[in-house]
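Q: Could you take a close look at the cysteines in this one for me? I'd like to know how they sit, and then how that part fits into the rest of the chain.

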Amino acid sequence: MVTSRVGLVFNPFSYKLHEENLRIVQRYFGLFPPLSLAWVAGVAEQAGHEVVLIDARTLRLSKEEVLERLKYFQPDILGFMMTTYMYRETLEWARYLKQHLKVPVMIGGYNLRVYPRASVVAEEVDFGCLMHAITTVPGLLAELEDGRNFGEVPGLVWKRGDEVIVNPLPPEPPDFNDFPVPARHLLPNELYAEFPTERRNFTVLVSSLGCPYGCTFCEAGRTPHSPRRPELVVDEMEQCYREYGIREIDIFDYEFPCNNKRTLAICKDIQRRNLDIIWACRSRLDSVNRELLEEMAKAGCRRIYYGIESGVDEILETVNKRMTKELVRQTIQDTQEVGIRPLGFFLVGAPGETQDTFGQTLDFAKGLDLDYVQFSKCTAKPLTPLWQDLVRHEGQDYWRNYILGLMHEHALPRPWTELTNEQIDALAKQAYHDFHFRPKFIIKSILKLRSWTEFKRKFSCALEMFVRQEKHAEDWDEERDGFIAYNENTEELRLRLKQRQLEALKASSPQPKARALEPAQKQP
């Protein structure tokens, strides 16, 4: 087998007017490892190929600096992750790098699942991975080197002349237990953090795919739920702990504890291996009980992000979030009592929302003993029931037109509520202020701080929210105001890791060779 050299790039991206978060919230959301690309790297390495993963966002690299690194590496193919929000920016990076390196470009990510053909129609893109890399990437790399019979690669989106072809997926989805662990050895693990981070190094981990529940605003609703075996989950945690010095993990599953038996097994194994880590997860209120929470706390769980969404029963019913406010109160109380910090997600502008109903939600949130809240503007994300309703209502698909460059970026309409977008922006900003600037909450939060870095991060966020957050999203101007994700790392550390990667690429640079691979659209 011929070995290919795969160059993966995670580019920086700006705030978007159609996002569900306020700009300051998005700025402080966190610097997260590009786990999807790290999985692609793991899959490619497992198949015998050489890979570099350049996290340009976290290292703050320009296009020119990334190009310099890739020239040393001499990739045979470039890979990018395409989300719907950052599609245009990623396409711009792909265009620049492909123009200089003259190699084909493959893309993957959530956007391919929604718009497989539209995502690949751009001249800069040669190949798309419809679903999981483990299904498609090894076959694509093999065909690039040996046969170029792309029609045989499952889940591949490719071009034959002007025609975009979507190959069928295998009859059965891949078993998540067969996935390799993400290639974290290619990442600057010392630089990652999220807003509530207490310990470093920090990373994220996914222990299950999909979600069995059907919330109408969530893109993962009723997608096949595929959990990894408990021992594999803890194996990855232990690798993070021992090989990368990681001491805090955020489990990014849509719904981590829904299988209580599996969750208990993971918690027991963490304790048995005596891993000195803390971790966080996301959960429904009805997925946990007192016994499970106690075991999670013993295993190092320090935060649970609960999807509470509203304090109005009718709205909870409308978004298919069937639970009672009494259940919410009891679960938050139990979570606090076992020593886990509860954080609450709430919607602003949900179906049926009014000024009065959101006022009830805010009062409900303030009455709960939550350590942090996030107020997100209810948005019609691709593949959600809300998106399907919006497409029917508007007679066009904003997201598809956006990635095709046919529509300018703007906040999406919300025909399911009488509130205007301007009112929703104002309510979200006011909610953050009213919840977090209560004297009792401020004192409690200060007493729970673990480091000067954590204090500086949270104080800076509060100050910017109060002073710099515009009242309406449309008031923000990217050229005038700019957008850079908050980065609390010292310049010395960032430059050291930046130089470390560059030196490693220089050392591994192959001898010049004849270029065997050409962009796919130049095939006869």
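A: Here's a walk through the cysteine pair first, then the backbone oddities, the sheet and the chain as a whole. Keep in mind that this is a predicted model, and everything below is computed from it.

Let's start with the cysteines. If you were hoping for a disulfide, there's none to be had: searching the whole structure turns up zero. A disulfide is a covalent bond between the sulfur atoms of two cysteines. The pair to look at is Cys281 and Cys301. For Cys281, the closest cysteine sulfur belongs to Cys301 and sits 4.7 Å away, which is too far for a bond; the cut-off used here is within 2.5 Å. Turn it around and you get the matching picture: the nearest cysteine sulfur to Cys301 is that of Cys281, at 4.7 Å, and Cys301 is in no disulfide. As for solvent, Cys281 counts as buried because its relative accessibility is 0%. Cys301 counts as buried too, with 0% relative accessibility.

Now follow the chain on from Cys301. Strand β15 covers residues 301-309, and Glu309 lies in it. Glu309 is worth a click, since its phi is positive, about 75°, although it is not a glycine. Most residues other than glycine have a negative phi, and most peptide bonds are trans. Glu309 also counts as buried, at 6% relative accessibility.

There's another positive phi to compare with that. Lys102 isn't a glycine either, and its phi is near 60°. Lys102 belongs to a loop, the one between α5 (87-101) and β5 (105-108). Lys102 counts as exposed, with 52% relative accessibility, whereas Glu309 counts as buried.

While you're checking the backbone, stop at Arg200 and Asn201 as well. The peptide bond joining them is cis, with omega at about 0°. Asn201 is in the loop that runs between β9 (193-194) and β10 (202-205).

Next, the sheet. β5, which comes after the Lys102 loop, is part of an open sheet of seven strands. Reading across, the order is β3-β1-β4-β5-β6-β7-β8, and the pairing is mixed. β3 (50-55) and β8 (163-166) are at the edges with a single partner strand each, so each has one side without a neighbour in the sheet. On average, neighbouring strands here are turned by 20° against each other, ignoring direction. Strands of a sheet pair through backbone hydrogen bonds, either parallel or antiparallel. For an antiparallel example, try β6 (residues 127-129) and β7 (residues 156-160), which pair over three bridges. If you want a spot to zoom in on, Phe127 has Trp158 in β7 as its bridge partner.

Finally, zoom out. The chain has 21 helices and 17 strands. Its radius of gyration is 23 Å, close to the 24 Å that the globule rule gives for 524 residues, so the chain is as compact as a globular protein of that length. Along the principal axes, the C-alpha atoms fill a box of roughly 65 × 55 × 45 Å. Of the 524 residues, 59% count as buried, and Cys281 is one of the residues that do. Among contacts with a separation of 6 or more, 77% come from residues 24 or more positions apart. The accessible surface adds up to about 21,700 Å², with 52% of it belonging to carbon and sulfur atoms.

Notes
Residues are numbered from 1 along each chain as its sequence is written. This is a predicted model: local features need pLDDT of at least 70, side-chain atom pairs count only at pLDDT 80 or more; totals for chains, interfaces and linings use all residues. Side-chain values use heavy atoms; hydrogens and water are left out. Buried means under 20% relative accessible area, exposed over 50%, partly exposed in between (1.4 Å probe, protein chains only). Helices (H or I, at least four residues) and strands (E, at least two) are DSSP runs, numbered from the N terminus. Two strands pair if DSSP finds at least two bridges between them. Axes are lines fitted to C-alpha atoms, for helices over the stretch in contact, and angles run from 0 to 180 degrees between N-to-C directions. The radius of gyration is taken over C-alpha atoms; the globule rule is 2.2 Å times the number of residues to the power 0.38. Contact means heavy atoms within 4.5 Å. Accessible areas come from the Shrake-Rupley method with a 1.4 Å probe; for residues, only the protein chains shown count as cover.
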